[in-house]
Amino acid sequence: MTGSAVTGPFGLSAALAEREQAGLLRSRVATDGASGGRLKVGGGDYLNFSANDYLGLADHPAIKVAFQEGIERYGAGAGASPLVTGYSRAHQQLEETLAEWLGLEAVLLFNCGFSANQAVLKALLGKEHLLWQDRLNHASLQEMGSQLPCKMKRFGHNDMAALERQLEPNRGLIVSEGVFSMDGDQGPWRALAALAAQSGNWLMIDDAHGLGVLGPQGRGTLAAQGVNPAGVHIQMGTFGKAIGVAGAFVGGSRELVAYLVNFARHYVYSTHMPAAQACAVIKSIELVRAADEARAQLGELITRFRQGAQALGWQLGASNTPIQPLLVGESSAALQLAERLRGRGVWVSAIRPPTVPVGTARLRITLSAAHRAEDVDRLLDVLGPCPADNERGGTHAA
């Protein structure tokens, strides 16, 4: 009941109190809109360094027009699961667009990256298989891996020697990320593809944070690292980061997609994404493919921030992507720093355990092509010099 303590078998109050005591209690903030690297919250205007809108496309007029035109043609919702009547010409066109762009035989759309990742692992892996995961993989992958009947082995972050020691021939699936969401560094995909080929195991990339940002035409981490997509059996990407909309996809062989259509429960039993949303994503991909100038500008902003922050004495992660973790250490210190920045008109999120390992709380600073050089300079000015007694953590410092 509202306003009263809840009793019962689950210990909700105790769990919340324990998390609050540790400085880890989470709450939501309702925003009033974001555009052009800015954020409106509670009547205030902030420079926004917390979004994953890496190319600044979420508010692009052409994408909004495509969304509106899709609504006029298809309505606001899909109305059913894709195997009933929820699969439209717009969905089909988006799948074909993605396959051509990324060099894939076939693509399947999902409502979000979390469900796409979990659908693949659940559909493919049985008790006779092994699953190898980078220990910094996204929670969607780690969680599903821990629930499956197969044995999951985690290898040290980007440690190919450790992975090679664990591998057994023809036993299952290796999964890693293109760009790691909290550290901003990239997986070593040439080495991963070589190990997968040598061992006869399948390989899957979660490229949610690389798609649109890296490589020619924004084709992602594999293109940026010169890895043939045929050497990576499963690709997952999302539309809510650089693409600026929402949703996700899984791509690979025609056989893989046909299998998932039949066995991926997250796909079979979910109402499909709205067709209008697919229309918006198609338009966004058109813009992303032509956005080399914006990607170059983004690269300049990343360099500007890194050089400035390091000159101020701050410890950064080893990242050359828009995700720039500023490592603080203790959760309370990260929260205090985020509050200090907000007090001066800069919105940056503090990331704490369990999202990141204990002792590595950080500000997760994200840059966008929508930012200007003077926005980055303002962020650096508000950060100021790193305090001498600042407790900083992390193992991937640069």
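Student: Which exposed residues does the face of α13 turned away from its buried side carry?

Tutor: That face of α13 carries Gln336 and Glu339. The word exposed is used for a relative accessible area over 50%. The model is predicted.

Student: Which residues of α13 are the buried ones?

Tutor: They are Ser331, Ala334, Leu337, Ala338 and Leu341. Buried requires a relative accessible area under 20%.

Student: How do you know on which side of α13 they are?

Tutor: The buried residues of α13 cover an arc of only 130° around the axis, so they are on the same side of the helix. In general, an α-helix has 3.6 residues a turn, so residues three or four places apart point the same way.

Student: What covers the buried residues of α13?

Tutor: The cover includes the strands β11 (323–329), β12 (346–347), β13 (349–351) and β14 (361–366), together with helix α14 (373–383).

Student: How does the reach of α13 stand against the expected value?

Tutor: Helix α13 (residues 331–342) has 12 residues and reaches 17 Å from its first C-alpha to its last. The expected value, at 1.5 Å a residue, is 16 Å, so the reach is close to it.

Student: What does the comparison give for α12?

Tutor: Helix α12 (residues 292–311) has 20 residues and reaches 29 Å, close to the expected 28 Å. The buried residues of α12 are Arg295, Leu298, Leu301, Ile302, Phe305, Arg306, Gly308 and Ala309. What covers them includes α11 (275–289), β11, β14 and α14. Just after α12, glycine 313 has a positive phi of about 90°.

Student: Why is α4 called roughly perpendicular to α9?

Tutor: The axes of α4 (residues 113–124) and α9 come within 10 Å and cross at roughly 90°. Roughly perpendicular is the term for 65 to 115 degrees, so it applies to α4 and α9. The contact is made by Val120, Ala123 and Leu124 of α4 and by Leu256, Tyr259, Leu260 and Phe263 of α9.

Student: Which residues of α9 are buried, and what puts them on the same side?

Tutor: Leu256, Val257 and Leu260 are buried in α9. They cover an arc of only 95° around the axis, which puts them on the same side of α9. These buried residues pack against β4, α4, β8, β9 and β10. The face turned away from them carries the exposed residues Arg254, Glu255 and Asn262.

Student: What term fits the angle of α9 to β4?

Tutor: Helix α9 (residues 254–263) lies across β4, β8, β9 and β10 and runs at about 30° to β4. Angles under 35 degrees count as roughly parallel, so that term fits α9 and β4.

Student: What makes β4 and β6 edge strands?

Tutor: Seven strands form an open sheet with mixed pairing, in the order β4-β10-β9-β8-β7-β5-β6. β4 (106–110) and β6 (151–155) each pair on one side only. The twist averages 20° from one strand to the next.

Student: Which term fits the direction of α7 against β8?

Tutor: Helix α7 (residues 189–199) packs on the sheet, touching β7 (172–177) and β8 (202–206), and its direction makes about 155° with that of β8. Angles over 145 degrees count as roughly antiparallel, so that term fits α7 and β8.

Student: How do β7 and β8 run, and how many bridges join them?

Tutor: β7 and β8 run parallel, joined by five bridges. Valine 175 stands opposite methionine 204 in β8. Four of the five residues of β8 are buried. By contrast, β9 (residues 234–238) and β10 (residues 248–252) pair in the antiparallel sense over four bridges, and glutamine 235 stands opposite glycine 251 in β10.

Student: Why does asparagine 170 count as exposed?

Tutor: Asparagine 170 has 60% relative accessibility, and the cut-off is over 50%, so it counts as exposed. Asparagine 170 is found in the loop between α6 (160–166) and β7, with a positive phi near 55°.

Student: Why is glutamine 217 called partly exposed?

Tutor: The relative accessible area of glutamine 217 is 28%. Partly exposed covers what is between 20% and 50%, so the term applies to glutamine 217. Glutamine 217 lies in the loop between β8 and α8 (221–224), and its phi is positive, about 60°.

Student: Where is proline 354, and what is the peptide bond from proline 353 to it?

Tutor: Proline 354 lies in the loop between β13 and β14. The bond is cis, with omega near 10°. In general, most peptide bonds are trans.

Technical notes: Residues numbered from 1 in each chain as written. Predicted model: local features only at pLDDT ≥ 70, side-chain atom pairs only at ≥ 80, totals over all residues. Heavy atoms only, no water. Pairing = 2+ DSSP bridges. Helix = DSSP H or I, 4+ residues; strand = E, 2+ residues; numbered from the N terminus. Axes fitted to C-alpha atoms, helices over the stretch in contact; angles between N-to-C directions. Contact = heavy atoms within 4.5 Å. Buried < 20%, exposed > 50% of the residue type's maximum accessible area, 1.4 Å probe, protein only. Arc of directions from axis to C-beta.
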